[in-house]
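Got the viewer open? Let's take a short walk through this one, stop by stop.

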Amino acid sequence: MLTRLAHGGLLLKSVGVTSSSSLLAVAYNGTSPDKARFYSVPGFTSYVNMPSAPVNTSGAGAFSADGSFFACGNGSAAEKVLIYQTNNSADVSTWTKLPALSSVIEGAANCLAFSPDGQWLAVGYGASPYIAVYKTSDWSRQANPSQTPGQSVRQVAWSPDSTRAVVSVIETYSYNPSTMARTTLGTGNYGPVTFTPDGLNLIISSSTAPVMRRLRTSDWASQTIASATKGEWLAASPNGNWVAMYGGSDGLVVWETAPGTKLAVPTLASSATQPR
């Protein structure tokens, strides 16, 4: 059975692993002729022969929590999001591309995120209404929110209980997937967001300023953490104790979640900035 290692990822916008055979997926943003490439782990044999491959994923890709679906962007093509049924197989050539979504998004996908319970797929993009949510049971699209984020969405973070899809622009907004009602959680950083797996913290970085914020989900109290780098992508450790923030050419920083202490600054090869 295909299962997921992580929802999104640092440097790589999608990472997935099968229980019997490991599979790593990389969604590229125009830097590879393959656009989406898959690797066996260990061994890293490369697979690129997925059916009806995307024109350009725009760096957007995600596995569902149980590994049964893989979704990716498709650039500015008419069919802007592609959904594949994995058939519980690590052989991407056997995957089934599902029919086009009946309601396509209005712009190229910047990011994709399946809810942890597998019931929803959220898409963030750069045109109004900036966020779309689909039911995975029939791939129908929820009504557009009456209050949109108002700006291009770079990353969507689902709460562990799948009741909130969170984006951070000028403000940090939470959307109820059933009603698409918007709740304002506080000041935004216009950057990536991620929940710690225990659901106790929401971490927000900034793509425009070297700062990171932690929101305690019990009362949404905010702690601002000075950072040495702008954030292009965030990933929380499974136990929620650490958050890794990648800032492109500014490098990688690892923080201890609660006190906001910087733990390490790993050195990355320049080629690591290419996959998104």
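Before selecting anything, one term: a nonpolar core here is a set of buried Ala, Val, Leu, Ile, Met, Phe, Trp, Tyr and Cys residues joined through side-chain atoms within 4.5 Å, where buried means under 20% relative accessible area. Bear in mind too that this is a predicted model.

Start with the whole chain in cartoon view. You'll find 24 strands and 0 helices. Of the 276 residues, 53% are buried. Switch on the surface and you're looking at about 11100 Å² exposed, with carbon and sulfur atoms supplying 51% of that area.

Next, which residues touch the most other members of the largest nonpolar core? Select Ile83, Leu121, Val123 and Trp139: these are the ones, in a core of 18 residues. Now colour β7 (69-73), β8, β10 (109-114), β11 (120-125) and β12 (131-135), since each of these strands supplies at least two residues of the core.

Zoom in on Trp139. Setting aside neighbours within four places in sequence, Trp139 is in contact with Phe69, Ile83, Leu98, Leu101, Phe114, Leu121 and Tyr134.

Then pick Cys111, Val153, Ala165 and Tyr173. They are among the 16 residues of another core, which lies apart from the one you just visited.

Last stop: an open sheet of 4 strands, running β6-β7-β8-β9 with antiparallel pairing. Its edges are β6 (61-63) and β9 (96-97), each pairing on one side only. Select β8 (residues 81-85) alongside β9 and you'll see the two pair over 2 bridges in the antiparallel sense. Glutamine 85 sits opposite threonine 96 of β9.

Key. Residues are numbered from 1 along each chain as its sequence is written. This is a predicted model: local features need pLDDT of at least 70, side-chain atom pairs count only at pLDDT 80 or more; totals for chains, interfaces and linings use all residues. Side-chain values use heavy atoms; hydrogens and water are left out. Two strands pair if DSSP finds at least two bridges between them. Buried means under 20% relative accessible area, exposed over 50%, partly exposed in between (1.4 Å probe, protein chains only). Accessible areas come from the Shrake-Rupley method with a 1.4 Å probe; for residues, only the protein chains shown count as cover. Contact means heavy atoms within 4.5 Å.
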